[in-house]
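Let's take a walk through this fold together, starting from one turn and working outwards. Keep the viewer open as you read.

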Amino acid sequence: MAMQQLWRAQLCSYPANVHTMFIPQIRKVVLEFCQHYPSSSNTRTFISNHLERVACEHPHVEFVIRQCNGHEPIARGFYANGHDKVIPLNKLQVTGIKRKVQLLMDSSGAKIKPLKGAWMVESMTESARGIWSGLHVDTPFTI
């Protein structure tokens, strides 16, 4: 059986957001920290030790490190729909910062919609209370 030759142009993929493909919605993550604040020490540790691995795992995301003197550390995510999300990183350990960055990566960037209010369904009839069991009747239930 002869092997078919594979050209470099055949190795490219075309973006499509259909049921067979997934396009992450995040475009850019900006980490802002202060060089002197003690609350930014864990953020500095995360940037120096763990950020390179996270960036290699997510090559589709642009990571920007911004030093803002006199400000608390934050992580800001920019999404394809034009929205952004800001998460404060002060008083978090390195693992907590890693989880917050992962939260930004997994988020869609859509606005949070409240579940209470107009979306709540109310019934006009009384519902049954409790759990039914075959052991709670006069004659035991058999299959």
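Which residue takes a positive phi in the hairpin of E3 and E4? That is Gly 82, with a phi near 95°, in a hairpin that has four residues between the strands. Before going further, keep in mind that this is a predicted model, where local features need pLDDT of at least 70, side-chain atom pairs count only at pLDDT 80 or more, and totals for chains, interfaces and linings use all residues. Residues are numbered from 1 along each chain as its sequence is written, and side-chain values use heavy atoms, with hydrogens and water left out.

Now for the overall layout. The chain has three helices and four strands, where helices (H or I, at least four residues) and strands (E, at least two) are DSSP runs numbered from the N terminus. Read from the N terminus on, the elements go β-α-α-β-β-β-α. Of the 143 residues in the chain, 24% are buried; buried here is under 20% relative accessible area, exposed is over 50%, and partly exposed is in between, with a 1.4 Å probe and protein chains only. Contacts, meaning heavy atoms within 4.5 Å, reach a long way along the chain: among those between residues at least 6 apart in sequence, 66% join residues at least 24 apart.

The strands make an open sheet of four, in the order E2-E1-E3-E4 and with mixed pairing. Strand E2 (62-67) and E4 are the edge strands, each pairing on one side only. From one strand to the next, the twist averages 15°. Two strands count as paired if DSSP finds at least two bridges between them. E1 and E3 pair in the antiparallel sense over six bridges, and in this part of the sheet Glu 32 stands opposite Ile 74 in E3. Strand E3 (residues 74-79) is also joined to E4 by five bridges, and these two run antiparallel. Here you can find Gly 77 opposite Lys 85 in E4.

Back at the hairpin, look at His 83, in the loop between E3 and E4. At 29% relative accessibility, His 83 counts as partly exposed. Leaving out residues up to four places away in sequence, His 83 touches Gly 77, Phe 78, Gly 109 and Lys 111. His 83 and Ile 26 are 57 residues apart in sequence, yet their C-alpha atoms are 9.6 Å apart in space.

Phe 78 has a charged partner too: Lys 28 lies over the face of its ring, at 5.3 Å from the ring centre. The rule for that is NZ of Lys or CZ of Arg within 6 Å of the ring centre and within 35 degrees of the ring normal.

Next, the helix packing. Helix H1 (residues 41-49) lies across strand E1 (26-33) and E2, running at about 130° to E1. For such angles, axes are lines fitted to C-alpha atoms, for helices over the stretch in contact, and the angles run from 0 to 180 degrees between N-to-C directions. Phe 46 sits in helix H1 and is buried, with a relative accessible area of 0%. Beyond residues up to four places away in sequence, Phe 46 touches Leu 31, Leu 51, Val 54, Val 94, Ile 97, Lys 98 and Val 101. One of these, Lys 98, is 52 residues from Phe 46 in sequence and 7.6 Å away in space, C-alpha to C-alpha.

Just ahead of the helix, in the loop between E1 and H1, is Ser 40. Ser 40 is buried, at 0% relative accessible area. Its contacts, leaving aside neighbours within four places in sequence, are Phe 33, Cys 34, His 71 and Pro 73.

What about the cysteines? A search of the whole structure finds zero disulfides, a disulfide being a pair of cysteine sulfur atoms within 2.5 Å. The sulfur of Cys 34 is 8.8 Å from the closest cysteine sulfur, in Cys 68, so that is too far for a bond. Cys 34 is buried, at 2% relative accessible area, whereas Cys 56 is exposed at 60%.

One last stop is Lys 91, in the loop between strand E4 (84-88) and helix H3 (94-106). Lys 91 has a positive phi of about 65° although it is not a glycine. Lys 91 is exposed, with a relative accessible area of 81%.
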